[in-house]
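Reader: Could you zoom in on one part for me and stay with it? I'd like the cut-offs spelled out as you go.

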Amino acid sequence: MKNVIFDLDLTLVDTRCLENARNTRNWGEAYRLIPNTAMYEGIGAVMDIIRKNNINAAIVSTSPRSYVEKIVDYHKIPAKWIVSYHDAKPIKPHPAQMLMALQLMKASAKDTISFGDRSIDIVASNAAGIESVACLWGTQERSALLSSSYNHIIIKPQEILTLIR
């Protein structure tokens with residue numbers, strides 16, 4: 001089993017309904033709308049495997065910590081560590097957030113795999129020496145993601161299991 005790092009928005013959770021509130025930094029509205037978000041089909045099974053096998057999981061996000069914590073808590077995502085916007089600078093695509101996640105997890109880059117829906121996730125992972133996975137199901141930047149230098153590309157969340165087993 002590997003250590004895993006996930007992006008949150010549009011990778012694990014469909015948060016499109018929060019996009020306007022997030023873009024305008026209306027965090028009260030974003031928090032109020034969290035019950036309207038949903039984990040993508042298949043992510044629940046992935047989270048069950050992570051729990052069952054005690055796989056180290058971290059969330060690395062360019063969103064503020066309070067937002068990330070509220071989404072993680074609401075969906076019961078088994079991430080033991082969170083690296084958010086204010087935790088490490090510069091943010092993705094710079095590798096600082098990924099490197100901080102490795103440090104918190106006490107993991108080496110070679111034993112870690114990272115999943116994200118944007119090219120900045122891939123760039124940050126690669127720069128940190130972490131195996132990168134482009135996730136197509138929620139991306140709103142499909143062409144940029146497809147042209148990134150990912151190590152793997154997956155179409156459905158269930159495919160995560162083939163990479164962490």
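Author: Sure, starting with how elements are named: helices (H or I, at least four residues) and strands (E, at least two) are DSSP runs, numbered from the N terminus. This is a predicted model, where local features need pLDDT of at least 70 and side-chain atom pairs count only at pLDDT 80 or more, while totals for chains, interfaces and linings use all residues. Residues are numbered from 1 along each chain as its sequence is written, and side-chain values use heavy atoms, with hydrogens and water left out.

Let's begin at Gln 97, which sits in helix H5 (residues 96-105). Gln 97 is buried, at a relative accessible area of 0%; buried means under 20%, exposed over 50%, and partly exposed in between (1.4 Å probe, protein chains only). Skipping neighbours within four places in sequence, Gln 97 has contacts that include Thr 62, Tyr 85, Pro 90 and Lys 92, a contact being heavy atoms within 4.5 Å.

H5 also meets helix H6 (residues 119-127), whose buried residues are Ser 119, Ile 120, Asp 121, Ile 122, Ala 124 and Ser 125. Those residues pack against H5, strand E6 (112-116), strand E7 (131-135) and helix H7 (142-146). Just after H6, Gly 129 adopts a positive phi of about 80 degrees.

Now for the largest pocket, with about 560 Å³ of space. On a 1 Å grid over the protein atoms alone, a pocket is an open set of points where a 1.4 Å probe fits, with protein on both sides within 12 Å along at least five of seven lines; lining residues have an atom within 4 Å of a point. Points are joined across faces, edges and corners, and the volume is the space filled by probe spheres set on them. The lining has 23 residues, with Arg 22, Asn 23, Thr 62, Ser 63 and Arg 118 nearest the centre. Helix H1 (19-23) and H6 are the elements giving two or more residues to that lining, and H1 gives the most, with three. The lining splits into five nonpolar, seven polar and 11 charged residues, counting Ala, Val, Leu, Ile, Met, Phe, Trp, Tyr, Cys and Pro as nonpolar, Asp, Glu, Lys and Arg as charged, and the others, Gly among them, as polar.

Arg 22 also forms a salt bridge with Asp 9, their closest N and O atoms 3.2 Å apart; the rule is a side-chain nitrogen of Lys or Arg within 4 Å of a carboxyl oxygen of Asp or Glu. Arg 22 is partly exposed at 22%, whereas Asp 9 is buried at 9%.
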